[in-house]
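Work through these exercises with the model on your screen. Try each task before you read its solution.

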Amino acid sequence: MRIGRAAIQHVRNKGPAILQVHTFRFNGHSPADPEHERNRKDEKRWARATCDPIKIFEESDDAKKVDQKAALARARDEVAKALAFANASPPPPKDLAAKLEYPDPTGEVDYSAREPEMGLELAAAVTKATVPEATLTALAARIDALRAMAGSDAGISIGDAVNLAILEEMVRDPTCVAHAEDLQAGSSYNIPANTQQAFGTLRAADEIIDEGHFIGKARSVHWFPLRPRSRGERRFLRTLPGVSLRP
C-alpha cells in the first residue's frame, strides 16, 4: 500500500509511472489452464491461506472502517448489471475491428494488401532463404486449411483466425516478428501455433510475463526494426541468416 500510494502521488503530481508488482499465482490463467509447470500444491495451499490480499485486508484495521457486506453487495450488483448489459447488447459491426486495431482511423486501408517495405519479390526471396522448403510447404498447407475453415459454413474460431493472420503475415513479410509466451511449447491454447518451430527464435521469441519487459521490447522493435541485410549470416543470428536488428 505504501508503494502504491507513492506511485499514485507521483502520477498525480509529476507524470506517468510504472509500478511493477511481483505476485504469486494461486491458480492458472483460467479453469482451462492445466498448470503443468506449477506442481507446488503445498506452496499453493500456504499461499491461499496466508497471502491472499483480500483476506489480509479483511483482517486489517483498515477493513474495520468499511462496511464489507454492503461493499460486496454493491460490487456484485455492478457485475450483474455489466453482464446483463453485455448479454442484451447487439454484436459489434464487422468493420469495427479495422477501425480500432489499426493506425488508419477510417478503417478503409486493407493492411493485408500492403506490400512489405522491401517489396513482395525480395520479401519472398528472404523468406525462401531463411525458412526450410519443407517447412514452407507445411505452412502453405496449414494456411490453406485455415482459409478453407474461414470460408466454410461452420466458420473459423477466433483462435484459428488469429493463427491464420499471424502465419500469413510472417510468411509474406520476413520483417514481421511474434513475441509471446510459451512459443517453444506451442503456446497456451495453441495460439499462435507453428511460429517458433517455423521461423526460429529470433522472429518468434519466448517472452516472460512482465509489463516492463513488454514495454522495453516494443520500444526497441520500433526503433530498430528487423530488416534484411545484404551481408552474410552473423553468428549470433544463426536462426535467421541475412537479417539484422540494425536499422
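**Exercise 1. A loop residue**

In which loop does alanine 193 lie? Then decide: is alanine 193 buried or exposed?

Solution. Keep in mind that this is a predicted model.
- Step 1. Find the place. Alanine 193 sits in the loop that runs between strand S1 (178-180) and H9.
- Step 2. Read the accessibility. The relative accessible area of alanine 193 is 3%.
- Step 3. Apply the cut-off. Buried means under 20%, so alanine 193 is buried.
- Step 4. Look for a partner along the chain. Leucine 183 is ten residues away from alanine 193 in sequence, and their C-alpha atoms are separated by 7.5 Å.

**Exercise 2. A second loop residue**

Locate isoleucine 208, classify its exposure and list what it touches.

Solution.
- Step 1. Isoleucine 208 belongs to the loop between strand S2 (204-206) and helix H10 (211-223).
- Step 2. Its relative accessible area is 49%. Exposed means over 50% and buried means under 20%. Isoleucine 208 is therefore partly exposed.
- Step 3. Leave out residues up to four places away in sequence. Isoleucine 208 then touches His213 and Phe214.
- Step 4. Compare sequence with space. Glutamate 181 is 27 residues from isoleucine 208 in sequence, while the C-alpha to C-alpha distance is 6.4 Å.

**Exercise 3. A helix residue**

Which helix holds alanine 6, and how is this residue classed by accessibility?

Solution.
- Step 1. Alanine 6 is part of helix H1 (residues 2-13).
- Step 2. Its relative accessibility is 46%, so alanine 6 counts as partly exposed.
- Step 3. Alanine 6 and leucine 19 are 13 residues apart in sequence, with 9.9 Å between their C-alpha atoms.

**Exercise 4. Packing of H7 and H8**

Describe how H7 and H8 pack. Two packed helices are described by the angle between their axes and the distance between the axes.

Solution.
- Step 1. Helix H7 (residues 133-150) and H8 meet at an angle of about 140°, and their axes are 10 Å apart.
- Step 2. Name the arrangement. Over 145 degrees would count as roughly antiparallel. H7 and H8 are therefore oblique to each other.
- Step 3. Give the hand. H7 and H8 cross in a left-handed way.
- Step 4. List the contact. H7 supplies Leu139, Arg142, Ile143, Leu146, Arg147 and Met149, and H8 supplies Asp160, Asn163, Leu164, Leu167, Glu168 and Val171.
- Step 5. Sort the residues. The contact of H7 with H8 has seven nonpolar, one polar and four charged residues.

**Exercise 5. Packing of H8 and H9**

At what angle do H8 and H9 pack? Which residues meet?

Solution.
- Step 1. Helix H8 (residues 158-172) and helix H9 (residues 195-203) pack at about 60°, with 12 Å between their axes.
- Step 2. That angle makes H8 oblique to H9.
- Step 3. The crossing of H8 and H9 is left-handed.
- Step 4. From H8 come Ile166, Leu167, Met170 and Val171, which meet Thr195, Phe199 and Arg203 of H9.
- Step 5. Five residues of this contact are nonpolar, one is polar and one is charged.

**Exercise 6. The whole protein**

How many helices and strands are there? Where is the confidence lowest among the elements?

Solution.
- Step 1. The protein has ten helices and four strands. Along the sequence the pattern reads α-α-α-α-α-α-α-α-β-α-β-α-β-β.
- Step 2. Of the 247 residues, 22% are buried.
- Step 3. Take the contacts with a separation of 6 or more. Residues 24 or more positions apart account for 46% of them.
- Step 4. The mean pLDDT is 77, and 72% of the residues reach 70 or more.
- Step 5. Among the elements, strand S4 (residues 243-244) has the lowest mean pLDDT, 38, and helix H4 (residues 68-88) the highest, 95.
- Step 6. Over residues 227-247 the pLDDT is below 50, yet this stretch has 43 contacts in the model beyond near neighbours in sequence.

Notes. Residues are numbered from 1 along each chain as its sequence is written. This is a predicted model: local features need pLDDT of at least 70, side-chain atom pairs count only at pLDDT 80 or more; totals for chains, interfaces and linings use all residues. Side-chain values use heavy atoms; hydrogens and water are left out. pLDDT is the predictor's confidence in each residue, from 0 to 100. Helices (H or I, at least four residues) and strands (E, at least two) are DSSP runs, numbered from the N terminus. Contact means heavy atoms within 4.5 Å. Axes are lines fitted to C-alpha atoms, for helices over the stretch in contact, and angles run from 0 to 180 degrees between N-to-C directions. Angles under 35 degrees count as roughly parallel, over 145 as roughly antiparallel, 65 to 115 as roughly perpendicular and the rest as oblique. A crossing is left-handed if the near helix is turned anticlockwise from the far one by less than a right angle, and right-handed if clockwise. Ala, Val, Leu, Ile, Met, Phe, Trp, Tyr, Cys and Pro count as nonpolar, Asp, Glu, Lys and Arg as charged, and the others, Gly among them, as polar. Buried means under 20% relative accessible area, exposed over 50%, partly exposed in between (1.4 Å probe, protein chains only).
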